[in-house]
Amino acid sequence: MESFRSILKSKGLKATPQRIAVHEAMLVLGHASVDMVCDQVKKEGKAKVTAASVYNILSGLSTIGIYRRIPTNDNKVWYDAITRTHLHIFDRKRNELKDLVDDGFSATAAAYFKDHAPKGYKVDEIDIQLVCHRSRNSKKL
Ligand SMILES: [Zn+2]
């Protein structure tokens with residue numbers, strides 16, 4: 001939490017109770033939509049927030065690199081507390097966004113696009129999201 005406060009200070013932003021509460025919620029949730037963060041902040045009861053203020057905080061903190069914006073297949077935006085490039089699984093039936101740990105694929109894709117970028121473009125990052133639903137035999141997840 002102190003590094004969060006330091007980053008805010010370095011960007012000229014105050015560590016308001018609302019920003020602290022939103023960040024605490026993101027640390028608990030990992031991946032979350034505005035509504036999920038709003039519900040978590042209200043559940044903790046440490047600060048009063050509206051969906052609009054949570055949106056503004058998440059959006060602003062994403063702009064300075066504290067969170068990563070993740071658009072999902074259902075045209076919603078989630079926020080991720082992990083900002084480095086990584087793969088995701090989006091389960092649209094359960095409305096869940098999870099990390100997919102597969103560094104081998106990421107490294108292979110990065111190596112491929114290093115030499116095969118679309119003509120006229122330089123690849124900044126590779127952002128892949130698998131859109132899935134659970135199979136019948138996935139009760140152990
Ligand atoms: Zn993630």
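**Figure 1. Secondary structure of the protein chain in the predicted model.** The protein chain holds 5 helices and 6 strands. Their order along the sequence is α-α-β-α-α-β-β-β-β-α-β. The C-alpha trace spans about 45 × 40 × 25 Å along its principal axes. Among contacts in the protein chain with a separation of 6 or more, 43% are between residues 24 or more positions apart.

**Figure 2. Coordination of the zinc ion.** Five side chains are shown with their donor atoms: His31 (NE2), Asp80 (OD), His86 (NE2), His88 (NE2) and Asp99 (OD), at 2.0 to 2.2 Å from the zinc ion. Along the chain, these donors have the spacing H-x48-D-x5-H-x1-H-x10-D. His31 belongs to strand β1 (residues 31-32) and Asp80 to strand β3 (residues 77-80), so this pair ties together parts that are 49 residues apart in sequence.

**Figure 3. Burial of two zinc ligands, His31 and Asp80.** The relative accessibility of His31 is 11%, and that of Asp80 is 1%. Because buried means under 20% relative accessible area, His31 counts as buried, and Asp80 likewise counts as buried. For the protein chain as a whole, buried residues make up 29% of the 141 residues.

**Figure 4. The aromatic pair of Trp78 and Phe90.** The protein chain has 2 aromatic pairs. In the pair shown here, the ring centres of Trp78 and Phe90 are 6.3 Å apart and the planes stand at 75°. The angle is over 60 degrees, so the pair is edge-to-face. Trp78 comes from strand β3 and Phe90 from strand β4 (residues 87-91), so the contact between the rings ties together parts that are 12 residues apart in sequence. Trp78 and Phe90 are both buried.

**Figure 5. The aromatic pair of Tyr112 and Phe113.** The rings of Tyr112 and Phe113 are also arranged edge-to-face, with 5.0 Å from centre to centre and 90° between the planes. Tyr112 has a relative accessible area of 44% and is partly exposed. Phe113, at 33%, is partly exposed as well.

**Figure 6. Surface and charges of the protein chain.** The accessible surface of the protein chain is about 9600 Å², and carbon and sulfur atoms account for 53% of this area. The protein chain carries 24 positive and 16 negative charges, and the mean positions of the two sets are 3 Å apart.

Terms used. Residues are numbered from 1 along each chain as its sequence is written. This is a predicted model: local features need pLDDT of at least 70, side-chain atom pairs count only at pLDDT 80 or more; totals for chains, interfaces and linings use all residues. Side-chain values use heavy atoms; hydrogens and water are left out. Donors are N, O and S atoms within 2.8 Å of the metal (3.2 Å for Na, K and Ca); water is not among the atoms, so sites may look incomplete. Helices (H or I, at least four residues) and strands (E, at least two) are DSSP runs, numbered from the N terminus. Buried means under 20% relative accessible area, exposed over 50%, partly exposed in between (1.4 Å probe, protein chains only). Rings of Phe, Tyr and Trp (its six-membered ring) pair if their centres lie within 6.5 Å; planes under 30 degrees apart count as stacked, over 60 as edge-to-face and the rest as tilted. Contact means heavy atoms within 4.5 Å. Accessible areas come from the Shrake-Rupley method with a 1.4 Å probe; for residues, only the protein chains shown count as cover. Lys and Arg count as positive and Asp and Glu as negative; His and the chain ends are not counted. The place of a charge is taken as NZ of Lys, CZ of Arg, CG of Asp or CD of Glu.
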